[in-house]
Amino acid sequence: MHKISKLAVLTSGGDAPGMNPCIRAVVRTAIYNNLEVVGVRQGYKGLIENDMYDMAPRSVSNILSLGGTILKTARCLEFRTDEGMETAYKNLKAKGIDALVVIGGDGTFTGALRFSRKYPDIAVMGVPGTIDNDLCGTTYTLGFDTATNTVIEAIDKIRDTADAHDRLFFIEVMGRDSGAIALRAGISCGAEAILLPEKETAISDLIDGLKNGHTNKKSSSIVIVAEGDKNGGVYDIAKRVEHEVKHYDIKVTILGHLQRGGSPSSFDRILGSRLGFAAVNALIAGETQKMVGLEANHIVLTSLEKALNQQEFRLESDLLLMADILSI
Ligand code: ATP
């Protein structure tokens, strides 16, 4: 069993609201349990470049309401190489660090698992921090709730103008591989159609649906397109529909990076605190190569290997069915 005395915490991959409450919980839970804590700047890049600093309870004051991450984040190619991992390992050992909390998404966990298999004397615990909500072993990832609320707020505003002008809006939301934000935002905003990477939608079916909507006296229509939809991008889809659907003025909006920022919701503050607290307690209990998650409102541990298993990850089928039926 790993008995730990000093842990490092980092955030990696895309930033997600809720990372800061999680860092705060990690730091304070560790110190409460007489562990030393080191903050790593810019994810795996900071491990390789030895960019780390000692943290204390006051290092994380007044950060609960901040979006982004006080530790900064980065995408680091060098960590994918054996040399990069070895440098990171040596830097950690030189500081006497024997445990690592990594807050990030699937790429971050892939790196953490590889690293931990190479260097098992450093215990590793993952916290799901990604707006994509695409990991097995947790119903929600950190940042997903805030990002979805941000998207909903924006689409509600677009709906006002769409309705006033009899317009059809195509709105692109984040999600290269995951339609989780698109699906929930679509249901919450009453989108007429939701295009997702996980589900094929024929453009002809989309056109038929929009024509039916007009026949059924809809004064506006919203089509949400996740970034990763396979129909060729939001502008292309809008162009193909424009030829067939003449009764609406068609507009395209890409919400872009505004979806990532902002103060974390109550849900993400609590989730970040719970997961950070649980991650440190799991390391103290001798766990490694696991992810802390939330299932049925209980903290659960899942192996990093299983958390990354995309075969087991599915969007909820009832939401997919309901989205179609409620938009008639
Ligand atoms: P998000 O879901 O927000 O995109 P992510 O954690 O998936 O977050 P990535 O950029 O895919 O973000 O991964 C973060 C970092 O993890 C990468 O920059 C890289 O340093 C590391 N990483 C990813 N894949 C591997 C791998 N196969 N081996 C080693 N490290 C990796």
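**The ligand site and its surroundings**

The ligand occupies the largest pocket of the protein, a pocket being an open set of points on a 1 Å grid over the protein atoms alone, with protein on both sides within 12 Å along at least five of seven lines. To count as sitting there, a molecule needs more than half of its atoms within 2 Å of the grid points. The model is predicted, with local features requiring pLDDT of at least 70 and side-chain atom pairs pLDDT 80 or more, while totals for chains, interfaces and linings use all residues. Residues are numbered from 1 along each chain as its sequence is written, and side-chain values use heavy atoms, without hydrogens and water.

Around the ligand stand 18 residues, of which Arg75, Cys76, Asp106, Gly107 and Thr108 come nearest; a residue is near if one of its heavy atoms lies within 4 Å. Helix 4 (residues 106–118) supplies the largest share of this shell, 6 residues, helices being DSSP runs of H or I with at least four residues, numbered from the N terminus.

Turning to polar contacts (pairs of N or O atoms within 3.5 Å), a backbone N or O atom of cysteine 76 lies 2.6 Å from a ligand oxygen. Another ligand contact comes from threonine 108, with a polar side-chain atom 2.5 Å from an oxygen atom. For arginine 114, a polar side-chain atom is found 2.9 Å from a ligand nitrogen. The protein buries 89% of the 630 Å² that the ligand exposes when taken alone, by the Shrake-Rupley method with a 1.4 Å probe.

Definitions and conventions:
Polar contact = N/O pair within 3.5 Å; in protein donor to acceptor, adjacent residues only side chain to side chain. 1 Å grid on protein atoms, 1.4 Å probe; cavity = no way out; pocket = protein on both sides within 12 Å on 5 of 7 lines; lining within 4 Å. Helix = DSSP H or I, 4+ residues; strand = E, 2+ residues; numbered from the N terminus.
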